[in-house]
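Please walk through this model with attention to how its helices meet, where empty space is left, and where the backbone takes unusual values.

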Amino acid sequence: MSEPDSPVFEELPVLAVRETVLYPGALLPITVGRPTSLTLVQSLGENRTLAIVSQRDPRVEEPTPEDLYDYGTVCIMHKAIKVPRENLLLFCEGIARVRTTGYTATEPFLKAHVERLAEIEPEMTAELEALRQNVVGIFQQIVSASPNLSDELSTTAGGIQEAGRLADFVAGNLPGLDHAERQRLLEQLDGEERLRGVHRHLTRELELVELRNRIQSQVQGQLSQNQREFYLREQLKAIQKELGEGDESAREIEDLRQKIGAAGMKEEVKTEALRELNRLSRMSTASPEYGITRTYLEWMTALPWNLSSGARVDVKKAAEILDADHYDLEKVKERILDFLAVLQLKPVLKGPILCFVGPPGVGKTSLGRSIARALDRKFARISMGGMHDEAEIRGHRRTYIGALPGQIVQALKRAGTNDPVFMLDEVDKLGRDFRGDPASALLEVLDPEQNSTFRDNYLDVPFDLSKVLFITTANVLDPIPDALRDRMEIITLEGYTEQEKVIIAFRYLIPRQITENGLSGAEDIEFTDDAVRFLVRRYTREAGVRNLEREIGTICRKQARRIAEGTREKALVTPQLVEQHLGAPRFRTDTEVAERTRRAGVVVGLAWTPVGGDVLFIEAGRMPGGSKGLIMTGQLGPVMQESVQAAMTWVRGAATRYGIDPDLFKSTDIHIHVPAGAIPKDGPSAGITMAAALLSMLTDRKVRPNLAMTGEITLTGQVLPVGGIKEKVLAAKRSGVREVILPFENEVNVKEDLKREQIGDMQMHFVKEMDQVAELALE
């Protein structure tokens, strides 16, 4: 790096300029018009040397020394030309950087002692050379992309080897550099630092230039496309006129006018449609509004404003269809037929909406289809599961691009009538977030007092939904908001027993899967009773029959493949063939309950789940220590943990009565575990099961085999009733349980909800006290 020269001091006149920075080596035209500036220029003799210093604030008309920067440039004025308004155009060439050390005069113009500053020119290293080349390259890109910059600047910049000179040249010609940054570069004496600063600004300026060019090209392309489309449309109009085909737009308007007249709209709706049609007739076909308005009118004319099926309700026919389509479900069918009977007597029914609640696969959706067939109406269905946006129900406003009516109106258009059977599936799985609450939007749809004037946001006119027969389905009731649940009549569909599933399989599932898989009935495949029962017990333990049908379909496809490969031999489906096609059984055998309860401390409990009932194995164990007290594992919820603590309290209180040493609890840790630890569990109905497991473990008395129980326990040992009795009993039946202990107050649920054939040979015990449970359960 070269050493700076000794500083040189001299007195020079000072020319104050606005938002202008002159760099050494640059030739710059400067316009002056202030009286003091004109006097300064006139006072210059043969020595035309002066200092140019920039103002801090360009708005100051008569700058004082305090208004000027400390750093400027000493320059030579080569030429002065008179311009209009008594101004002078000066051509000045920068010589060196200077710093003012003190002003000697302010009248008639500014004079100051200045110190010429020596610049620090760095030695050219490989890194600095790379930086220089990068600066030159970026500057040349900016020059080529900017129409206001001369191409000669690129050539000149490429010939400058010194870092400081190159930085000054680029800074003087870079259009995007603000005044403050130019002044900072002037005050920087180190050439390498100046070049780095210029490099940063060049990079930012290149990005801006490229962005401006990209935007400009897009705008020009769009304008060119619009001009081309306009020209082609004008040509098309001229051709159509010559051929005598008339105006296509006029034909569209007339066609829409006829459709509006034939749609059967109410007067209010028709007035709105005609108003939009008149707007459309005045629009240019090139206008974006034209397509939006035409789509709106097409929706308006396609809806079934007054088109009904016209079919009368026939309760006898409905009963026959329900019996043909669904096995059992007698209570559900009775309630549906009651509803249809009222509808037959009073066609305009403003009553509650039916809501089918039950596990997956029990026939909720198919019941809706059967009702539509029984009423001879169209069937429409939308799934509400995962719906978060309120606009899915009420539609989007036409101000949005791509707006459409809501799912309700879309489904009615597909149905083609204004009185279909409309099923809203999975209403318990509606979402709710910042986009709105679809459940609240459904309140208007399902309220008979309001839905006669349902207003979709897209249509913005009332549509009568009072003739629509709405039916909803859900797996569980808890997630449904109270206000929505209040508008619905709940009809519960519980799970099927093994025998019912076998009958359903032979009546409905097997024939349907044989047809869907291209088989020819009994000529190609035949299922034995044992095979279907094997499927139900070992592969598809569920409340409904959805997985059962899926597995039957898999077996049918295996046979279809054999036939397609040339083997026309009939398949007789046996348990062995089922295992061959479907692999090893997925569920435990009927003897597992007895096998798991061979040890003391293991008791079978019954649980309710959204997909039907299930059995739980409650295990109790103990170990020496006493420091940890009661340990609970198996992902037990807070309610179930409280049941364990209540059961423990009762057992300790009754310890002496059952021959348990009270001091045992001080020296022993007790562990309660519910297997399937990855599955969260909660609820109060396992209270007596926990107590029985603890009592069995502490007395070393095993629980009787094939026995299960459910019920809530109090601290005094009373057994309280629980819910989900039917699902729990059916789960016990599926698992091979022979005896069930239930709370005494649940006896009425067994008599009303369960048939004799559903219970089969199971023995039901109804208890009031925990002592009765111990007497029945422990050997």
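The paragraphs below take up two helix contacts, then the pockets and the cavity, then two points in the backbone. The model is predicted.

Start with helix α19, which spans residues 546-564, and helix α20, which spans residues 575-582. Their axes lie 10 Å apart, and the two helices pack at an angle of about 85°. Angles of 65 to 115 degrees count as roughly perpendicular, so α19 is roughly perpendicular to α20. On the α19 side the contact consists of Glu 551, Thr 554, Ile 555 and Lys 558, and these meet Val 578, His 581 and Leu 582 of α20. By residue class, this contact between α19 and α20 has three nonpolar, two polar and two charged members.

A second helix contact joins α11 (residues 330-345) and α12 (residues 364-375). Here the axes come within 12 Å and cross at roughly 40°, and the crossing is right-handed. Val 332, Ile 336 and Leu 340 are the contributors from α11, while α12 brings Leu 367, Ile 371 and Leu 375. The residues in this contact of α11 with α12 are six nonpolar, with no polar and no charged ones.

Next, the empty space. Rolling a probe the size of a water molecule over the atoms shows where such space is left. The largest pocket holds about 940 Å³. Its lining is made up of 43 residues, and those nearest the centre are Thr 609, Gly 613, Asp 614, Val 615 and Leu 616. Two or more lining residues come from each of α19, β16 (602-609), β17 (612-624) and α24 (725-734). Strand β17 gives the largest share, six residues. The lining of the largest pocket comprises 20 nonpolar, 12 polar and 11 charged residues.

The second largest pocket contains about 650 Å³ of space. It is lined by 26 residues, with Gly 361, Gly 363, Ser 366, Arg 512 and Glu 549 closest to its centre. At least two lining residues are supplied by each of α12, α17 (498-516) and α19. Helix α12 provides the largest share here, five residues. Sorted by class, the lining of the second largest pocket has eight nonpolar, eight polar and 10 charged residues. Helix α19 thus appears in the lining of the largest pocket and in that of the second largest pocket.

How many cavities of 30 Å³ or more does the structure hold? There is one. The space in the largest cavity is about 40 Å³. Its lining residues are Thr 20, Val 21, Leu 22, Ile 52, Val 53, Ser 54, Tyr 71, Gly 72, Thr 73, Gln 183 and Leu 186. Strands β3 (49-55) and β4 (68-83) and helix α5 (179-187) each contribute at least two of them. Six of the lining residues of this cavity are nonpolar and five are polar, with no charged ones.

Two points in the backbone remain. The peptide bond that runs from Glu 107 to Pro 108 is cis, and its omega is near -5°. Pro 108 sits in the loop between β5 (87-105) and β6 (111-116). Glu 19 is not a glycine, yet it has a positive phi of about 45°. This residue, Glu 19, is in the loop between β1 (8-17) and β2 (27-32).

Definitions and conventions
Residues are numbered from 1 along each chain as its sequence is written. This is a predicted model: local features need pLDDT of at least 70, side-chain atom pairs count only at pLDDT 80 or more; totals for chains, interfaces and linings use all residues. Side-chain values use heavy atoms; hydrogens and water are left out. Axes are lines fitted to C-alpha atoms, for helices over the stretch in contact, and angles run from 0 to 180 degrees between N-to-C directions. Helices (H or I, at least four residues) and strands (E, at least two) are DSSP runs, numbered from the N terminus. Angles under 35 degrees count as roughly parallel, over 145 as roughly antiparallel, 65 to 115 as roughly perpendicular and the rest as oblique. Contact means heavy atoms within 4.5 Å. Ala, Val, Leu, Ile, Met, Phe, Trp, Tyr, Cys and Pro count as nonpolar, Asp, Glu, Lys and Arg as charged, and the others, Gly among them, as polar. A crossing is left-handed if the near helix is turned anticlockwise from the far one by less than a right angle, and right-handed if clockwise. On a 1 Å grid over the protein atoms alone, a cavity is a set of points where a 1.4 Å probe fits but cannot get out, and a pocket is an open set with protein on both sides within 12 Å along at least five of seven lines; lining residues have an atom within 4 Å of a point. Grid points are joined across faces, edges and corners, and a volume is the space filled by probe spheres set on the points.
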